[in-house]
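This report describes selected parts of one protein chain for a reader who is new to structural work. Please keep the sequence and the model in view while reading.

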Amino acid sequence: MKSKIHHQPNSNNGVVGSENGSRSESPSPPLSPSRRVPRRQRRQTLFRASSFSLRRNLRYLLLLPMIYASGLLMCVGPFSALVGWVYIPGSVYRSPEIYRKLRDDILSDNSTAVEFSSVWKYKRRPKMPKPCLNSTASPPLGFDRESSVLTRSGYLIVEANGGLNQQRSAICNAVAVAGLLNAVLVIPEFEFHAIWKDSSTFGDIYDEDHFISSLEGYVKVVRHIPDEIMTRFSYNLTSIPTIRVQAWATVKYYNGEVYPVLKEHGVIRISPFANRLAMSVPPYIQLLRCIANYKALKFSSPISTLAEKLVDRMVEKSSETGGKYVSVHLRFEEDMVAFSCCLYGGRAEKSEMDVIRQKSWKGKFKRTDRVTRPDLNRVNGKCPLTPLEVGMMLRGMGFDNHTSIYLASGKIYQPEIHLAPLREMFPRLFTKESLATPEEIAPFEGYSSRMAALDYTVSLLSEVFVTTQGGNFPHFLMGHRRFLFGGHAKTVIPDKPKLVLLLQDMEIRWEIFKKEMKLMLGESDRKGVMVPRVRKINRKTSIYTYPLPECECIFHLSSNISTTGNIQNLGALHPTSNLMTSARL
C-alpha cells in the first residue's frame with residue numbers, strides 16, 4: 001500500500017531557498033529526522049495559532065450578548081418609548097380597561113352558570129398503600145413507648161415565627177423533632193413579627209389541652225419547663241443553650257449535631273424554628289406530622305365557636321346553590337402589593353410602595369440580586385391578582401352572579417377602587433367582618449393570626465377554594481382539603497402567566513375569554529387529584545400540601561389505638577364521615 005505523503009508549505013509560500021540563495025521550483029521533500037523542527041518551536045507555533053483563533057472567537061462571543069441585551073433594551077427597556085417598541089405582552093396592568101370593554105357582556109351573562117355538582121370531573125381516588133403498620137415502626141435512638149419516661153433525652157423549646165400557617169408548620173415539625181430526639185416538647189412560643197404584629201400565644205389560637213392529650217403516647221408535651229431545670233439557668237430562657245439549626249435539616253443532622261447537646265444539657269432551645277426539618281424522614285416521624293396537623297391542632301374555643309357561626313351563615317346565604325359557596329384567598333393587602341414590587345397605578349402608587357418597602361424591609365429591595373421590575377414580575381405570574389381579575393376569571397369559568405363568595409383576606413389595598421368591580425360581578429360577596437356582628441368580631445381585631453384562623457375554617461368547608469398568590473395559607477388549605485375530600489384538592493389555581501396575556505388583549509371577545517377560563521378550570525381540576533410519588537422516605541414535596549398517602553395511616557391507626565386511650569376519635573376525621581362534623585372536631 002502506498003503511504004500518503006503530506007507536503008508542509010514553508011513560510012516562504014512553499015519555496016525553499018538553497019544555501020546559495022537560488023530558487024528551486026521543485027517541492028520540498030519531507031523533513032528528515034536531522035532537520036525536524038525543535039519541540040519548543042512547535043509548541044510556540046501551536047500556541048500562537050490557538051491564541052489567534054481564540055481571540056477571534058471571543059470577539060463573536062462578546063458581541064452576541066451585547067446584541068441580545070440591546071434587543072431587550074429596545075423592546076422592554078426605558079428606550080422603548082423613544083423608538084416606538086411596545087412592552088412585553090402581558091407586562092402592563094390593563095385589566096380595568098378590558099373590564100370596561102367587556103362589562104356589559106359579563107354582567108348580562110348568566111346563561112352558563114356552573115352547577116356545583118359538575119365542577120369537579122375528576123373523581124379518581126389516589127391509590128393508598130395496603131399495610132399501614134410499618135408507619136409505626138420504632139424511630140431512631142431506640143425509642144420505646146412503654147419505657148419512654150425512663151429514657152427521655154431532655155426538653156425541647158422552639159420559637160415559631162411567621163404568620164398563622166408558618167407557625168403551624170413549625171409546630172408540626174417541632175412535634176416530629178421531639179419524637180425523633182425522644183424529647184419532651186414544651187408548648188411552642190410565637191415570635192412577635194413587625195409585619196403581622198400579633199402578640200397571640202399558643203393558647204390564644206389552639207386548644208392546649210387537646211394538643212397535649214392528642215399526642216399522649218407519642219410525644220410528651222408540657223406547658224412549662226420544671227423548676228429543677230430552670231434553677232440551673234437562673235430562670236432565664238436566654239441562658240439555655242440555643243441552637244441555630246440549618247434549614248431543611250436531615251435526620252442525620254439532628255442525631256449527630258443536636259442530640260448530643262440535648263443529652264448533655266437536658267434542655268435546648270431552637271430559634272428561629274420554621275422550615276428546620278427535611279420532608280424526607282422515617283415513616284414514624286412523618287406520621288407524627290400528620291397527627292399533629294390533622295388531630296392535635298384544634299383551634300381554641302373562641303375561634304372555633306365564631307368560625308362555626310360564620311360557616312352556618314355562609315351556608316344559609318348560599319341557599320340557591322344548595323348551601324355551597326366559593327372561598328377566595330385574596331392577597332391584595334397593602335404590604336403584599338409592596339412586597340410583590342408590582343404596579344397597579346401611576347407614579348403616586350410607586351412612591352407610596354417605595355416608602356412602605358423601605359420602612360418594613362429596610363434595604364432588602366435595594367440589593368443587586370433583587371428583581372424589582374413590575375413588568376417582568378407580572379409576566380412571570382408573580383403579581384397578586386386584583387379583586388377585579390379574580391371576578392373576571394370566576395365569571396369566565398361559569399360562576400354566575402347568584403354564587404356566594406367568601407373573601408378570605410386582610411384589609412384590601414384601596415378597597416373603594418379595587419373591590420367595587422368584584423362586588424358588581426358577585427353581589428353576594430361576604431367577609432368575616434360582614435358575616436359577624438361588631439360585638440362578635442371585636443375580640444379578634446388587631447390579631448392577624450386569629451383573624452386568619454377564622455378565614456381558614458370557612459375556606460376549609462367551601463365547595464371551591466380559589467388561591468391567588470401562593471404562600472403557607474393556601475398550601476396548608478389545599479393539603480387539608482385533599483385530606484378531607486379523599487385526595488382531591490378542590491382548588492382553583494389560576495395560570496397567571498396565561499391570564500395576564502388575556503387581560504391585555506384589547507381585541508379579546510367575551511366568548512373567547514370564557515373558553516380560555518373553562519380550559520383553565522379543567523386543568524386546575526385535573527391537577528387537583530395528582531398525588532406525588534412517594535418511595536420509602538424519599539419525599540421531596542411538602543406533606544402539608546400533599547398529605548397522602550402517609551396521613552391516611554391516621555384512619556387505620558384509630559381502630560388500633562382507640563382502645564388504649566392514647567388518641568381519641570381519630571376515625572371521625574375520615575373523609576367518608578360528615579364533612580362538617582369532621583372539620584369541627
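Two strands are said to pair if DSSP finds at least two bridges between them. The model discussed here is predicted.

**Strand β6 and its partners**

With this definition in mind, strand β6, residues 267–273, can be placed among its partners. Strand β5, residues 242–243, pairs with β6 in the parallel sense over 2 bridges. Within this pairing, I243 stands opposite I270 of β6. Between β5 and β6 the chain passes through helix α8, residues 251–265, and this β-α-β crossover is right-handed. Strand β1, residues 155–160, also pairs with β6 in the parallel sense, over 5 bridges. Here the bridge partner of I157 is R269 in β6.

Is β6 enclosed or open? A residue is buried when its relative accessible area is under 20%. By this criterion 7 of the 7 residues of β6 are buried, so the strand is largely enclosed by the rest of the structure.

**Helix α19**

Helix α19 comprises the 13 residues 472–484. Because each residue should add 1.5 Å, the expected span is 18 Å, and the end C-alpha atoms are indeed 18 Å apart. The helix is mostly covered, with 11 of its 13 residues buried. Among them are F473, F476, H480 and L484. In general, an α-helix has 3.6 residues a turn, so residues three or four places apart point the same way. After α19 comes G486, whose phi is positive, near 70°.

**Two buried loop residues**

S91 and T403 are each found in a loop. The loop of S91 lies between α2 (80–83) and α3 (95–108), while that of T403 lies between α14 (387–397) and β8 (405–408). S91 counts as buried because its relative accessibility is 8%; T403 counts as buried because its value is 3%.

The side chain of each residue has a polar contact with a backbone oxygen, as the table shows.

| Side chain | Backbone oxygen | Distance |
|---|---|---|
| S91 | I88 | 2.6 Å |
| T403 | D400 | 3.1 Å |

Further contacts appear once residues up to four places away in sequence are set aside. On this basis S91 is in contact with D375, R378, V379 and Q504. T403, under that condition, touches F116, V326, F426 and R428.

Note on methods
Residues are numbered from 1 along each chain as its sequence is written. This is a predicted model: local features need pLDDT of at least 70, side-chain atom pairs count only at pLDDT 80 or more; totals for chains, interfaces and linings use all residues. Side-chain values use heavy atoms; hydrogens and water are left out. Helices (H or I, at least four residues) and strands (E, at least two) are DSSP runs, numbered from the N terminus. Buried means under 20% relative accessible area, exposed over 50%, partly exposed in between (1.4 Å probe, protein chains only). A polar contact is a pair of N or O atoms within 3.5 Å; within protein, one must be able to donate a hydrogen and the other to accept it, and residues adjacent in sequence count only if both atoms are side-chain atoms. Contact means heavy atoms within 4.5 Å. The expected span of a helix is 1.5 Å times one less than its number of residues. A crossover is right-handed if, with the strands pointing away from the viewer, the path from the first strand over the helix to the second runs clockwise.
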